[in-house]
Amino acid sequence: VAYREAPPALIYETLTAPPVDVIERPYTLDEIRYSEPVRARMPRIDLNTVNFETGSWDLAPDQIDKLAPIADAMKQAIEQNPQIVFLIEGHTDAVGGDEDNLSLSDRRAESVAVALTEEFQVPPENLTTQGYGEQHLIEQTDGPSDINRRVTVRNIAPLLAGRSEQPQAR
């Protein structure tokens, strides 16, 4: 789901949607973090309204404000299921070296997680982050690309639980 065009109800529905494919078993957090085919079993939201400058992981105040709809949807989902876990994925464009981009993408994911926690009170225990550098480009280019410098969010609780349906709140 492209965040810019999504109404709040669609953001919530996407964050709580069942997997798009059968989940045969529980996956470890590392298996989820390091396997795109496993992560792809869950719908994602591309935060295409949150932009980063080249080489930066800083969120300007107007960028933080744009996180309000996803924060509201996350808090609503956590209220329904306190065990829910959201993976915040950081990405870069193809400018710079692989190691630098991996570090930069980790920091971008962490910046969004910190903003969600500090500015919107999303519980940190329901968030995990991972950077992917330039591994998953949207626009195939070796140059600067705003759309490749992005953050993506997805609910990974069904993958951790090994269930095709959302785990029930206890």
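Let me begin with a term: a residue is called exposed when its relative accessible area is over 50%, buried when that value is under 20%, and partly exposed in between. Glu24, at 52%, is therefore exposed. I will use these three words throughout, and I should say at once that the model before you is a predicted one.

I turn to the overall layout. The chain contains seven helices and four strands. Read from the N terminus, the elements follow the order α-α-α-β-α-α-β-α-β-β-α. The chain has 170 residues, of which 48% count as buried. Among contacts with a separation of 6 or more, 78% are made by residues 24 or more positions apart.

Next, the salt bridges. How many salt bridges does the structure hold? The number is six. I shall take several of them in turn.

The exposed residue of my opening, Glu24, is paired with Arg41, and their closest N and O atoms are 3.0 Å apart. Glu24 belongs to the loop between helix H1 (8-15) and helix H2 (29-33), while Arg41 belongs to the loop between helix H3 (36-39) and strand E1 (45-46), so this salt bridge ties together parts that are 17 residues apart in sequence. Arg41 has a relative accessibility of 15% and therefore counts as buried. The pair thus joins an exposed residue to a buried one.

A further salt bridge is formed by the side chains of Asp46 and Arg44, at 2.9 Å from N to O. Asp46 counts as buried, because its relative accessibility is 14%. Arg44, at 36%, counts as partly exposed.

The third pair I wish to show is Glu89 with Arg154, where the closest N and O atoms lie 2.5 Å apart. Glu89 is part of strand E2 (residues 86-90) and Arg154 is part of strand E4 (residues 151-155), so the salt bridge ties together parts that are 65 residues apart in sequence. Are these two residues buried or exposed? Glu89 is buried, with a relative accessible area of 2%, and Arg154 is likewise buried, with a value of 2%. These two residues also belong to a network of salt bridges that links Glu36, Arg39, Glu89 and Arg154.

Let us now consider a helix. Helix H5 covers residues 68-80, which makes 13 residues. The expected span is 1.5 Å times one less than the number of residues. For H5 this gives 18 Å, and the C-alpha atoms at its ends are 19 Å apart, so expectation and model agree. Which residues of H5 are buried? They are Ile70, Ala71, Ala73, Met74, Ala77 and Ile78. When one looks down the axis of H5, these buried residues fall within an arc of 165°, so they line one face of the helix. The general background is that an α-helix has 3.6 residues a turn, so residues three or four places apart point the same way.

I move on to the aromatic residues. The structure holds zero aromatic pairs. There is, however, a charge placed over a ring: the charged end of Arg107 sits over the ring of Trp57, at 4.7 Å from its centre.

Three individual residues remain. The first I select is Thr49, found in the loop between E1 and helix H4 (61-65). Thr49 has a relative accessible area of 12% and is therefore buried. Apart from neighbours within four places in sequence, Thr49 is in contact with Tyr3, Arg4, Gln63 and Lys66.

Ser164 comes next, in the segment after helix H7 (157-161). With 27% relative accessibility, Ser164 counts as partly exposed. What lies across from Ser164 in space? Pro19 is 145 residues away in sequence, yet the two C-alpha atoms are 5.8 Å apart. Setting aside neighbours within four places, Ser164 is in contact with Pro18, Pro19, Asp21, Val22 and Ile23.

Finally, I draw your attention to Gln121, in the loop between helix H6 (98-120) and strand E3 (127-131). Most residues other than glycine have a negative phi. Gln121 is not glycine, and its phi is positive, near 60°. Gln121 is also exposed, with a relative accessible area of 53%.

Note on methods
Residues numbered from 1 in each chain as written. Predicted model: local features only at pLDDT ≥ 70, side-chain atom pairs only at ≥ 80, totals over all residues. Heavy atoms only, no water. Helix = DSSP H or I, 4+ residues; strand = E, 2+ residues; numbered from the N terminus. Buried < 20%, exposed > 50% of the residue type's maximum accessible area, 1.4 Å probe, protein only. Arc of directions from axis to C-beta. Salt bridge = Lys/Arg side-chain N within 4 Å of Asp/Glu carboxyl O. Contact = heavy atoms within 4.5 Å. Phe/Tyr/Trp six-rings, centres within 6.5 Å; stacked < 30°, edge-to-face > 60°. Lys NZ or Arg CZ within 6 Å of the ring centre and 35° of its normal.
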